[in-house]
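Me: I would like to go through this model step by step, with the reasoning spelled out before each result.

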Amino acid sequence: METTDETAGAGEFWEQHYGQRAQIWSGRPNAQLVHFAAPLAPGRALDLGCGEGADAVWLAEQGWRVTAVDISEVALGRARVAAAGRGVADLIDFSRHDLTDTFPQGSFDLVTAQFLQSPLEFPREVVLRSAAAAVAPGGRLLIVEHGEAPPWSGLRHHHVHFPTPQETLDALRVDETWSCEHLGRLERAATSPDGEPALLVDNVLLLRRDA
């Protein structure tokens with residue numbers, strides 16, 4: 001996570017964040033999304049905080065019809081270009097939402113929230129409960145979060161709290177109509193901005209709505 005001036009509006013902050021460079025992310029889908037979603041039968045998916053669109057594009061390439069949302073119009077513009085370049089623009093509806101104020105309508109067979117964490121004040125638990133409410137019966141909620149600060153971030157010793165998988169599950173307040181298919185911490189290999197190899201820790205929750 002970055003530190004920032006919390007007096008800045010979220011929309012302005014994320015526009016500036018994406019405006020720093022022509023491309024912020026790698027263009028590859030998140031590894032945990034690929035691992036956990038690949039076995040699923042395609043249906044309707046909701047991608048929360050889609051960024052520059054790599055996850056939404058990958059889902060569409062697997063046959064999903066995707067609603068992909070982000071607060072940044074800069075990011076969404078890049079996502080639309082990426083989808084068109086891969087020939088899946090007709091399978092993805094990109095739209096702007098500040099999830100503190102508005103949430104996409106509809107129900108979905110997969111709702112994915114990949115690293116939906118912010119250095120700004122953000123009602124994360126409320127948004128994740130809305131994400132759970134958007135899952136159709138038989139559908140799944142996949143939440144992937146930072147388990148700890150990346151080694152290159154400088155935050156390892158700043159006492160930043162990263163919720164455990166169990167804390168996130170508890171915050172969802174799901175009832176007995178849900179089953180937990182995965183709850184835990186997973187390590188993955190990564191490369192730092194300076195090109196050094198590193199291990200990152202992801203917290204992963206995969207829940208199925210049974211009814």
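Me: Which residues of α6 are buried, and on how wide an arc do they fall?
Reply: Bearing in mind that this is a predicted model, the buried residues of α6 are Pro-165, Thr-168, Leu-169, Ala-171 and Leu-172. An α-helix has 3.6 residues a turn, so residues three or four places apart point the same way. Seen down the axis of α6, the buried residues line one face of the helix, because they fall within an arc of 160 degrees.

Me: Against which elements do the buried residues of α6 pack?
Reply: The partners comprise a helix and several strands, taken here with contact meaning heavy atoms within 4.5 Å. The buried residues of α6 pack against α5, β5, β6 and β7.

Me: Which residue just after α6 takes a positive phi, and is that residue buried or exposed?
Reply: The residue in question is Arg-173, which sits in the loop between α6 and β6 and has a phi of about 60 degrees although it is not a glycine. Its relative accessible area is 65%, and the cut-off for exposed is over 50%. Arg-173 is therefore exposed.

Me: What is the phi of Phe-115, and is Phe-115 buried or exposed?
Reply: Phe-115 is found in the loop between β4 and α5, and its phi is near 55 degrees, a positive value in a residue other than glycine. With a relative accessible area of 17%, Phe-115 falls under the 20% limit. Phe-115 is therefore buried.

Me: Which residues of α5 are buried, and how wide is the arc that they cover?
Reply: In helix α5, which spans residues 124–133, the buried residues are Arg-124, Val-127, Leu-128, Ala-131 and Ala-132. They are on the same side of α5, because around the axis they cover an arc of only 145 degrees.

Me: What covers the buried residues of α5?
Reply: The cover includes one helix, α6 (165–172), which appears alongside a number of strands. Those strands include β1 (44–48), β4 (108–114), β5 (135–146), β6 (178–191) and β7 (197–209).

Me: How many residues does the largest nonpolar core have, and which element supplies its largest share?
Reply: In soluble globular proteins, nonpolar side chains tend to be buried together. Here the largest nonpolar core has 26 residues, and those with the most contacts inside it are Leu-59, Val-66, Ile-92, Phe-94, Leu-110 and Leu-142. At least two residues of this core come from each of α2 (31–37), α3 (54–61), β2 (65–70), α4 (73–85), β3 (92–96), β5 and β7. The largest share, five residues, is supplied by α3.

Me: Which residues does Ile-92 touch, and how many residues are in the second core?
Reply: Leaving out residues up to four places away in sequence, Ile-92 touches Ala-56, Val-57, Ala-60, Val-66, Ala-68 and Ala-83. The second core is separate; Leu-99, Val-127, Val-135 and Leu-207 are among its members, and its size is 21 residues.

Me: Which side chains make polar contacts with the side chain of Asp-202, and at what distances?
Reply: Asp-202 lies in strand β7 and is buried, with a relative accessible area of 0%. Apart from residues up to four places away in sequence, Asp-202 touches several residues, including Phe-115, Val-144, Glu-145 and Leu-186. Its side chain makes polar contacts with those of Gln-32, at 3.1 Å, and Arg-188, at 2.5 Å.

Me: Which residues are in contact with Ala-198, and what separates its C-alpha atom from that of Pro-150?
Reply: Ala-198 lies in strand β7 and counts as buried at 16% relative accessibility. Neighbours within four places in sequence aside, Ala-198 is in contact with Pro-151, Trp-152, Arg-188, Ala-189 and Ala-190. Pro-150 is 48 residues away along the chain, and the separation of the two C-alpha atoms is 8.3 Å.

Me: What is the radius of gyration of the chain, and what would a compact globule have?
Reply: The chain holds six helices and seven strands, and its C-alpha atoms fill a box of roughly 45 × 40 × 35 Å along the principal axes. Residues 24 or more positions apart account for 70% of the contacts with a separation of 6 or more, and 45% of the 211 residues count as buried. A compact globule with 211 residues would have a radius of gyration near 17 Å, which agrees with the value for the chain, 16 Å.

Note on methods. Residues numbered from 1 in each chain as written. Predicted model: local features only at pLDDT ≥ 70, side-chain atom pairs only at ≥ 80, totals over all residues. Heavy atoms only, no water. Buried < 20%, exposed > 50% of the residue type's maximum accessible area, 1.4 Å probe, protein only. Helix = DSSP H or I, 4+ residues; strand = E, 2+ residues; numbered from the N terminus. Arc of directions from axis to C-beta. Core = buried A, V, L, I, M, F, W, Y, C linked by side-chain atoms within 4.5 Å. Rg over C-alpha atoms; globule rule 2.2 N^0.38 Å. Polar contact = N/O pair within 3.5 Å; in protein donor to acceptor, adjacent residues only side chain to side chain.
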